[in-house]
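User: I have just opened this one and don't know my way around yet. Could you walk me through it, piece by piece?

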Amino acid sequence: MKKRLPILIIFFIVIFIIILVHILKREHHINYIVTVNNINYNIEEKYTYNKGNHYYDFVIEDSNKHIFNFSYNNDLNKKKKIINNLLRYKKNKLVCIIPKYIKEDFGNIYCTKDNKTYSYSYLRDSKDKDFKDIIKKLKKDGYYSKKLNNHNKNINKNKVNYYLNNIPSNNRFIMWNYTGINIISRNGVKTKKLIKKNDMYENIYSTMVNEYYIFLNHTNKEKVYYYNILNNKMSYIKNKKETFSGDYIVLGSFNKKLYFIDTDKYIEYSLNPYKKQLEKVGDEKTGYITYKDRSLLKVETSDMKNNPDKYKFVSKIDDSKIKEKYNTEDIYYTNNYYYFRDNDNNFYRSNSKYKNKPTYLFKLNNVNYYTIYNDSLIVINDEYMYYYNDNTGLKKIIKNKEFKYNYENICLLFEK
């Protein structure tokens, strides 16, 4: 027994080290090949773990040089090589794939034609005949996702139409109504009044931190109010050391915190509604905190003041290659992806490593405003608000005549 004891101790030490390495693991970046029907698919898989969030980014290139890039956010215990199979459909020049993950979970439909990559929504709305044939085959084989179906049935409440059947079951859309918010889910529309006297037409600072609606505005000088849209509870945090000016730069939310700058004294705060904490995290002397490529980083004061839009968590950027090729200045960057639209109102997403190989997401004319949440988009087009995600496609959510005149930050999103 005494002879075995050192061996057992070494064994448990090795097991402990393996477990510790796994717990501390934050990323991997690997390449591997999946072969289907004699076609090799080179898969570049980049994994990032941050504060309980698991991000997988993929670039797939087949033997014919077709390139697909997309993301998959799910907890797979930090495993590698999570794509173990691919379904492939071809009609004439159109090639479509569906990745299959190790949890027996099928991904979304990604297609390529004439060296261009397309989403389901783009091809559906373009009425591509080859794509229609592929979808028929997908449905027959049982691989078509009903999440992609569009519904035109709507309900009317206070002269606003809501397409409730188009809302994913775990999502909530929050619409400002000048005295408070409408919370729109698949189950209906609820209203919460936030202002007792007078209407507030513009509401450009309020935002979401998970299920919390953070009510930032010009009138609250000492307190920040926040409302839990799931349990209907209103709370506030008081700024004990400073008085707010009422003018802010909202940088964004990360890890259950909102980061924003009060522009009077240029002080940055983080607000955690879960812990009811308001902390000063930056100023002109110490610099500021921002979020890029799924991690927080420090920014010098001069850089933040000269170009604050660049350091918002969804940042508007100037990229000469994208600008020249697609004739656009409407370029945003977040979570290793570029989002942009061209003069023909085509919307794109491209992996940061392959910016010259974007995916056509959808096309919408007369767009007034759009914003990006993780890998989803809210788009206001004339009097309609649309939602886009790879899992659901492009869907109509709200019809409101007010969108023609007031659209900036009027609709927010909670994705559970």
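Analyst: Gladly, with the caution that this is a predicted model. A good place to begin is a pair of strands: S19, covering residues 257-262, runs antiparallel to S20, covering residues 267-272, and five bridges join the two. Within that pairing, Leu258 stands opposite Leu271 of S20.

User: Which sheet order do S19 and S20 belong to?

Analyst: They are part of an open sheet of four strands in the order S18-S19-S20-S21, where the pairing is antiparallel. Strand S18 (248-254) and strand S21 (277-282) stand at the edges, and because each has a single partner strand, one side of each is left without a neighbour in the sheet. From one strand to the next, the twist averages 25°.

User: Switching topic, how many salt bridges are there?

Analyst: The count comes to 18 salt bridges. As background, side chains of opposite charge can pair when their charged atoms come close. One of the salt bridges is formed by the side chains of Glu284 and Lys305, with an N to O distance of 2.2 Å. Glu284 lies in the loop between S21 and strand S22 (288-292), while Lys305 lies in helix H4 (residues 301-306), so this pair ties together parts that are 21 residues apart in sequence.

User: And are those two buried or exposed?

Analyst: Neither word quite fits, since Glu284 is partly exposed with a relative accessible area of 43%, and Lys305 also counts as partly exposed, at 38% relative accessibility.

User: What about the pair Lys323 and Glu329, what is the N to O distance there?

Analyst: For the salt bridge between the side chains of Lys323 and Glu329, the distance is 3.5 Å, N to O. Lys323 is partly exposed at a relative accessible area of 32%, whereas Glu329, at 57% relative accessibility, counts as exposed.

User: Where do Lys399 and Glu383 lie?

Analyst: Their side chains meet in a salt bridge at 3.6 Å, N to O. Lys399 lies in strand S32 (residues 393-399) and Glu383 in the loop between strand S30 (376-381) and strand S31 (384-389), so the salt bridge ties together parts that are 16 residues apart in sequence. Lys399 counts as partly exposed at 25% relative accessibility, but Glu383 is buried, with a relative accessible area of 12%. There is also a network in which salt bridges that share partners join Lys113, Asp128 and Asp130.

User: Let's look at strand S26 next. Why is it called largely enclosed?

Analyst: Strand S26 covers residues 337-341, and five of its five residues are buried, so the rest of the structure largely encloses the strand. In a regular strand the side chains alternate between the two faces of the sheet. In S26 both faces are covered: Tyr337, Tyr339 and Arg341 are buried on one side, and Tyr338 and Phe340 are buried on the other.

User: Which strands does S26 pair with?

Analyst: Strand S25 (residues 331-334) pairs with S26 in the antiparallel sense over four bridges, and Ile331 stands opposite Phe340 of S26. S26 also pairs with strand S27 (residues 346-351), again in the antiparallel sense, over five bridges, and there Tyr338 has Ser350 as its bridge partner in S27.

User: What happens at the turns of those hairpins?

Analyst: The hairpin of S25 and S26 has two residues between the strands, and Asn335 takes a positive phi near 50° there. In the hairpin of S26 and S27, with four residues between the strands, Asn345 takes a positive phi near 65°.

User: Does anything from another part of the chain touch S26? I'd like a residue to click on.

Analyst: You could select Phe70, which sits in strand S4 (residues 67-72) and is buried, with a relative accessible area of 0%. Leaving aside neighbours within four places in sequence, its contacts include Tyr56, Phe58, Tyr110, Arg349 and Tyr337, the last of these being one of the buried residues of S26.

User: One more: is Ser315 buried or exposed?

Analyst: Ser315, found in strand S24 (residues 315-317), counts as buried at 5% relative accessibility. Not counting residues up to four places away in sequence, Ser315 touches Asp309, Lys310, Ile331, Tyr332 and Tyr333.

Technical notes
Residues are numbered from 1 along each chain as its sequence is written. This is a predicted model: local features need pLDDT of at least 70, side-chain atom pairs count only at pLDDT 80 or more; totals for chains, interfaces and linings use all residues. Side-chain values use heavy atoms; hydrogens and water are left out. Two strands pair if DSSP finds at least two bridges between them. Axes are lines fitted to C-alpha atoms, for helices over the stretch in contact, and angles run from 0 to 180 degrees between N-to-C directions. A salt bridge is a side-chain nitrogen of Lys or Arg within 4 Å of a carboxyl oxygen of Asp or Glu. Buried means under 20% relative accessible area, exposed over 50%, partly exposed in between (1.4 Å probe, protein chains only). Contact means heavy atoms within 4.5 Å.
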